[in-house]
Each structure stands twice: as C-alpha cells, then as structure tokens.
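Student: I am new to this structure and would like a close look at a single part of it. Please take me through the strand pairing first, and then through what lies beyond it.

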Amino acid sequence: MTLETPKLMEARRAAGILESALRGHTGDLTLADASARSGLPLRDAESGLHLLVSEHRGHLKATTEGELLFRFPHGFTKPWETRTRVQRALGAVLRGAAGAARFVVRAWIAIVLIAYVAIFLAILVAQMFARSSSDSREGGGFSGSFAGDFLFRLVADALFWTFHPFSPFVWTAEPAWSSHAPHAERRALAPQRDETPFYEKVNRFFFGPAPAPRDPLETEKLLLAEIRAQRGRIGLADVMRVTGLPRDEADPLMARLMLDYDGTVDVSEEGGIVYRFEAIRRTAADVGSPPPPPPVWAKREELPPLTGNGEGVNALIVALNGFNLLMSAYALGAHLTIEKLGLLARGEPLWALPAGGTAVALGVVPFVFSLALFALPLGRALLRPLKQRRLARQNARRAVLQAILARVGPAQRREPITDAALRRAWEEAAGEAPRPEEITREVAALGGDVDLESGEGIRYRFPDLEIEAKAVEAEREAASEEEARAGKVIFSSDV
C-alpha cells in the first residue's frame, strides 16, 4: 500500500477556515486548539495561524514546554483599518491639494511673474511718455515722476535678474587659468552648476524641498540583511534594533516574514522565541556572515531646510513676488481696470483716468495670490519648532531602545537598566529631559516592567528579551555553515 504525500493547503484558504472556526474566541490558543476547532491538519493550521497573526496584529507567546500560544487581541476585526482608510483619504486629498497648489505656483511664475511684470512695465512706460508730453500739467500721488522712475527701474531690474541667471543664451567667460589647465582639472576646479529648474526652486521656496523617494521594501531588505548576518536566527530584539518598531508591531511583522521567506519558529525550554530562516542563508558567495545593517539609531532624523535654495535665489523670489504685491496694491488704489488700459495706451495719465471700478485682473488676483504665496513659507517656518520637537522625540525613543538593547543580553554581560540611564539617553538625543510618562510608555512598548526586587532607584526588567537573547545566542552557535552553502555544481549550461 502506497501512502500519498500530504498536500499543504494554501495559507489563505486555511486562514479563512480558521477565522470562521475561531470567531468569537478570546484568550490564547495552541496549535492543537486551532486544529481541533477547525478540523485542519496541524501543518495547515500552523500556516493559517501565522497568516492571521500577520493580518490581524496578533501576538505570539511561548511556554516553558516549548509550545507557541497565539492570541488575537482585536479578534478578527481590523479597527485600525478604518483609521488607515481615513488617513489615506486625507493624505490623498492633501497630496492632490499640494499638487494643484504646485501647478498654481508654476502658472503663477509663468503668468504673473512674467506676464504681469510685462503688463506693469508697459503701463509704467506709457505713463513716463504721458508725463514727458504734459510736463506743465499737475500730477498726483503715486504717479509722480519720481515714483514712476523708481518703479520702472525696479521692474527693469526684476526682469533682468529673472531671466539673466537662467537664460540658455547666457555666455560666461572661463577664468584665464582654465584655458591652460587640462580638461579633467578644469572640471574639478570649476564650480558645480546648479541644474535645478527655476520653477522647482520656486516650489521649494513655497512648499519646502521634496522628500527623497522611499523604497517600499526598505524594511524587508534591512531585516533580510540582518537575518543573513545573524546566521539565519533572529529574535524580536534584532527586529527592533534594525527597524525601531515597538514590540507589538515587530511581532506580527515577523509572522508575515515567516510566510514570505519560509521561516520557522523555535522555542527554547525557558520560552525564548527564535525565528529561523535557513533558506535565506543560501548564497553563491564565499560562506561567511555578511556585515549586519546599521542599527536604527545610527542615523539621526534631521529637520530638512526651510527652502533648500541659496540666499540669492530666495531673495530673487521674494523680490519678484513682492514686486507683484506692490504693483497689485497700486493697481487697486488707482482703480486700474482692464477697460482703462486703452486710455493709458493712448497716452492718458493715471491721474486723469475716470474714477471708480475695481481692479480685479490687475489688482485683486495678483494681490491675493502674492499674499497667499508669502503665507506658505511663513506658515512652514512657524511650524518648524513643532516638527523639530517631533523628530527630537523620535531620536530620543531610538536612544532609549539602544540603551535597553545594549543592557539586555547573556547574564554575564547584562547591566542593570536604571531609570536614570534611560532618562540620560533620552536627554542626550532630544536635548531636553523627558517627562516621567514618556519613559514609562517606551518601557511598556518594549515589554518591560519595573523591577520590584531592585535596591536603590528605579530599575526595569525585560524578561522576555533576556530569555530571547539567551535562546538566540544558543541557536546561532549551533547553526551550521553548511546551511549557507549553495552546494556543488553538477551541471552548467555554459559548459
């Protein structure tokens, strides 16, 4: 009689059966419990449970008997998804608004800072000719010869500095020494030319520098590098060290990685959980552990610059937008409507134009937009202290994580984790002392408790991390280098 090889059920299907069978259950579950309630074989119940832990933010526990316990604190609902959908919808709206605003800024540069400047320049030129033809007539207010000459010079300078630095027809003479220097030396000594388009510099001025694109698989790459560097055996402490995630987020992440990368879970006699990924170790390179990725606290989060532009570029943008603001205010005061432009073209001075009317195209529109554009960088500047404090707290949390993981290890190297040490780490990273609840919150997020048996001062214990560190170290010492070998080549198509 020949026995058929058992077939492994797809994890998604097994998870669906388990979800129906375990609905309404509260508390911990063993693998046998899940198998008995669902009727699934143990192998299928195991793959389904790990998928459910990953998707529903469940938790894993280990017993002294080497048994894994599965727990689903939220049941099989996903209350965080409602918040996530709202956040995504809000983010989409904000991104759309930012994109529309960036388009408006580009249109503003193309239309207002060029077309409006040209229109205002034409008006000033017409007024200068009108003034020269009627010297004996009285002028009024802002349209006097001094104001007209001043504005004309201001517009001419604005036009020059708008186009000259960015014109493709500009010719710049090389220094005398450069014509005699070798080509490579000339390139090395020559100043680097900023290739950023002018409209992008304007966007940076009003909206700030665009963030660097983020790799969506960055977390997975870091963890896989850590797994290979640690001989295919890691614990939650290693996950937190690389990613900075709290324990309740690192746990379901590892459940997902086990499904994606053929991982398994080992439980020591004391209950320490070790995640084993033997398949990830296979390599065609020389056997040897590659260097681990840097810990998350190796890179400090820094506040990006307000604009990312040079002072000259920022001054130019301020001058152009300020000029439009000034001229639009003047147009509003002079009631310079579109209908009156024909009279100006025929040489009529501004003071002789008929009163009344609201300058919408030449007054209201550029005035409102100029104010709004000035408000954007001002608002970002006012919010920078809040962002700086948020980044400081993030760096401080990473420093606390570093202080804890550095003191959690084998018993012979273990140091007491005192409240004073954690407060000192926080203060050095954030630049200010933490509030008492902040240290307590971080300790709880990493699975710590107050050590009631300690002597002087407040001390913390992380028993799960201590047991895990011992189990992981033992597994790594027992790991064979043969796991990493790809094996002997017995066939090659290039022979």
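Tutor: Let's begin with a rule: two strands count as paired if DSSP finds at least two bridges between them. Strands (E, at least two residues) and helices (H or I, at least four) are DSSP runs, numbered from the N terminus. The model is predicted, with local features needing pLDDT of at least 70 and side-chain atom pairs counting only at pLDDT 80 or more, while totals for chains, interfaces and linings use all residues. Residues are numbered from 1 along each chain as its sequence is written, and side-chain values use heavy atoms, leaving out hydrogens and water.

Now to the sheet itself. Three strands make an open sheet in the order E1-E3-E2, with antiparallel pairing. At the edges stand E1 (28-30) and E2 (59-62), each of which pairs on one side only. From one strand to the next, the twist averages 35 degrees (angles run from 0 to 180 degrees between N-to-C directions, and axes are lines fitted to C-alpha atoms, for helices over the stretch in contact).

Look at E3 (residues 68-71), which runs antiparallel to E1 and is joined to that strand by three bridges. E2 and E3 also run antiparallel, joined by four bridges. One residue of E3 is worth finding on your screen: Arg71 is the bridge partner of Asp28, and Arg71 is the bridge partner of His59 as well.

A second sheet can be read in a similar way. It is open too, with three strands in the order E4-E6-E5 and antiparallel pairing. E4 and E5 (264-267) are at the edges with a single partner strand each, so one side of each has no neighbour in the sheet. Two bridges pair E4 with E6 (residues 273-276) in the antiparallel sense, and Arg233 stands opposite Arg276 in E6. Helix H16 (residues 463-478) packs on this sheet and touches E4, E5 and E6 (contact means heavy atoms within 4.5 Å). The direction of H16 makes about 40 degrees with that of E6.

Beyond the sheets, consider two helix pairs. Two packed helices are described by the angle and the distance between their axes. The axes of H1 (residues 11-22) and H3 (residues 42-55) come within 8 Å and cross at roughly 80 degrees. H1 and H3 are therefore roughly perpendicular (65 to 115 degrees; under 35 is roughly parallel, over 145 roughly antiparallel, the rest oblique). Among the residues making this contact are Leu18 and Leu22 of H1 and Leu49 and Leu52 of H3. By class, the contact has nine nonpolar, two polar and four charged residues (Ala, Val, Leu, Ile, Met, Phe, Trp, Tyr, Cys and Pro are nonpolar; Asp, Glu, Lys and Arg charged; the others, Gly among them, polar).

In the other pair, the axes of H7 (residues 198-207) and H13 (residues 360-407) come within 7 Å and cross at roughly 55 degrees, which makes H7 oblique to H13. H7 brings Arg204, Phe205, Phe206 and Phe207 to the contact, and H13 brings Leu373, Leu376, Pro377 and Arg380. These residues divide into six nonpolar, no polar and two charged.

Finally, a word on confidence. The mean pLDDT (the predictor's confidence in each residue, from 0 to 100) of the protein is 76, and 71% of its residues reach 70 or more. E4 (residues 233-234), from the second sheet, has the highest confidence at 94, while helix H5 (residues 145-163) has the lowest, at a mean of 49.
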